[in-house]
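Please open the structure in a viewer and keep the selection tool at hand. The tour below proceeds stop by stop, saying what to select and what is found there.

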Amino acid sequence: MSDDKAIWPPIDPISAGLHGRCPRCGEGQLFSGFLTVGKRCGNCGLDYSYADAGDGPAVFVILIIGFIVVGLALWMEVTLSPPLWLHFLLWIPLTLVLCLGALRLIKGVLLTLQYRNKAAEGRLDLGE
């Protein structure tokens with residue numbers, strides 16, 4: 001991870017992550033597929049081997065989208081009392097669409113924030 005600010009001016013990690021752009025230059029593509037992180041930036045050559053968001057994006061998506069969908073379903077049940085098939089017809093497709101859309105966005109933001117904050121695996125200081 002380069003610290004040379006003269007060559008690579010700082011960019012907003014949230015904006016770069018939401019647009020799926022390189023965390024260093026803000027121009028190259030971060031993803032090579034829908035959720036697959038590319039090997040390197042096509043613009044600045046940044047190696048994306050550091051990029052490991054783990055289960056973080058999935059946890060955020062489950063909590064955020066789950067809160068929204070369950071809240072709306074509960075409101076609809078209390079207010080309108082529709083049949084069960086209507087709940088399935090509304091909430092399952094909405095959940096799928098929102099989760100798939102949010103997963104790429106949140107993964108991009110977490111990866112760009114990981115680069116910006118120089119997050120890495122923990123290492124023991126053995127006092128050597």
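Where does G28 lie? Select this residue to begin: G28 is in the loop between α1 and α2. Please keep in mind throughout that the model is predicted.

**Stop 1: two glycines**

Remain at G28 and display its accessible surface. With a relative accessible area of 7%, G28 is buried, because buried means under 20%. Now add L46 to the selection and draw a distance between the two C-alpha atoms. G28 and L46 are 18 residues apart in sequence, and their C-alpha atoms are 9.3 Å apart in space.

Next, select G17, which is found in helix α1. G17 also counts as buried, at 1% relative accessibility. Add F34 to the view: 17 residues separate G17 from F34 in sequence, and the distance from C-alpha to C-alpha is 14 Å.

**Stop 2: the cysteines**

Select C41, C44 and C22, and show their side chains. How many disulfides does the structure hold? The number is zero. C41 takes part in no disulfide, and the nearest cysteine sulfur, that of C44, is 3.7 Å away. Turning to C44, the closest cysteine sulfur is in C22, at 3.6 Å, which is too far for a bond. The cut-off explains this result, because a disulfide requires two cysteine sulfur atoms within 2.5 Å.

Are C41 and C44 buried or exposed? C41 counts as buried, at 3% relative accessibility. C44 is buried as well, with a relative accessible area of 15%.

**Stop 3: an aromatic pair**

Select Y50 and Y115 and display both rings. The structure holds one aromatic pair. The ring centres of Y50 and Y115 are 5.7 Å apart and the ring planes stand at 50°, so the pair is described as tilted. The reasoning rests on two limits: planes under 30 degrees apart would count as stacked, and planes over 60 as edge-to-face.

Which parts of the chain does the pair link? Y50 belongs to the loop between α1 (13-19) and α2 (56-80), whereas Y115 belongs to helix α3 (residues 84-116). These parts of the chain are distant, with the two residues 65 residues apart. Y50 counts as buried at 16% relative accessibility, and Y115 is buried with a relative accessible area of 9%.

**Stop 4: two annotated segments**

Select residues 58-78 and then residues 84-106, giving each a colour. According to the UniProt annotation, from an unreviewed entry, both segments are covered by the term "transmembrane region". Over residues 58-78, the chain is 100% helix and 0% strand, and the end C-alpha atoms are 29 Å apart. Over residues 84-106, the chain is likewise 100% helix and 0% strand, with the end C-alpha atoms 31 Å apart.

**Stop 5: a nonpolar patch**

Select V59, F60, L63, I64, F67, I68, L72 and L94, and show them as a surface. Together these residues form a nonpolar patch on the surface, with about 740 Å² of accessible area. Which helix contributes the largest share of the patch? Seven residues come from α2. One of the patch residues, V59, may be examined more closely: its place is in helix α2, and it counts as partly exposed at 43% relative accessibility.

**Stop 6: W75 and A53**

Select W75, which is also found in helix α2. W75 is exposed, with a relative accessible area of 53%. Add A53 and draw the C-alpha distance: W75 and A53 are 22 residues apart in sequence and 34 Å apart in space.

**Stop 7: the loop between α2 and α3**

Select S81, which is found in the loop between α2 and α3. Its phi is positive, at about 50°, although S81 is not a glycine. P83 has its place in this loop too. P83 counts as partly exposed, at 38% relative accessibility. Now add N43, which is 40 residues from P83 along the chain; the C-alpha atoms of P83 and N43 are separated by 53 Å.

**Stop 8: after α3**

Finally, select K118, in the segment after α3. What is the phi of K118? The value is near 55°, which is positive in a residue other than glycine. K118 is partly exposed, with a relative accessible area of 46%.

Note on methods. Residues numbered from 1 in each chain as written. Predicted model: local features only at pLDDT ≥ 70, side-chain atom pairs only at ≥ 80, totals over all residues. Heavy atoms only, no water. Phe/Tyr/Trp six-rings, centres within 6.5 Å; stacked < 30°, edge-to-face > 60°. Helix = DSSP H or I, 4+ residues; strand = E, 2+ residues; numbered from the N terminus. Buried < 20%, exposed > 50% of the residue type's maximum accessible area, 1.4 Å probe, protein only. UniProt positions renumbered as here; feature names shortened; annotations may be inferred. Patch = residues over 30% accessible without salt bridge, like charges linked within 9 Å, V, L, I, M, F, W, Y side chains within 5 Å. Areas by Shrake-Rupley, 256 points an atom, 1.4 Å probe, with all protein chains shown as cover. Salt bridge = Lys/Arg side-chain N within 4 Å of Asp/Glu carboxyl O.
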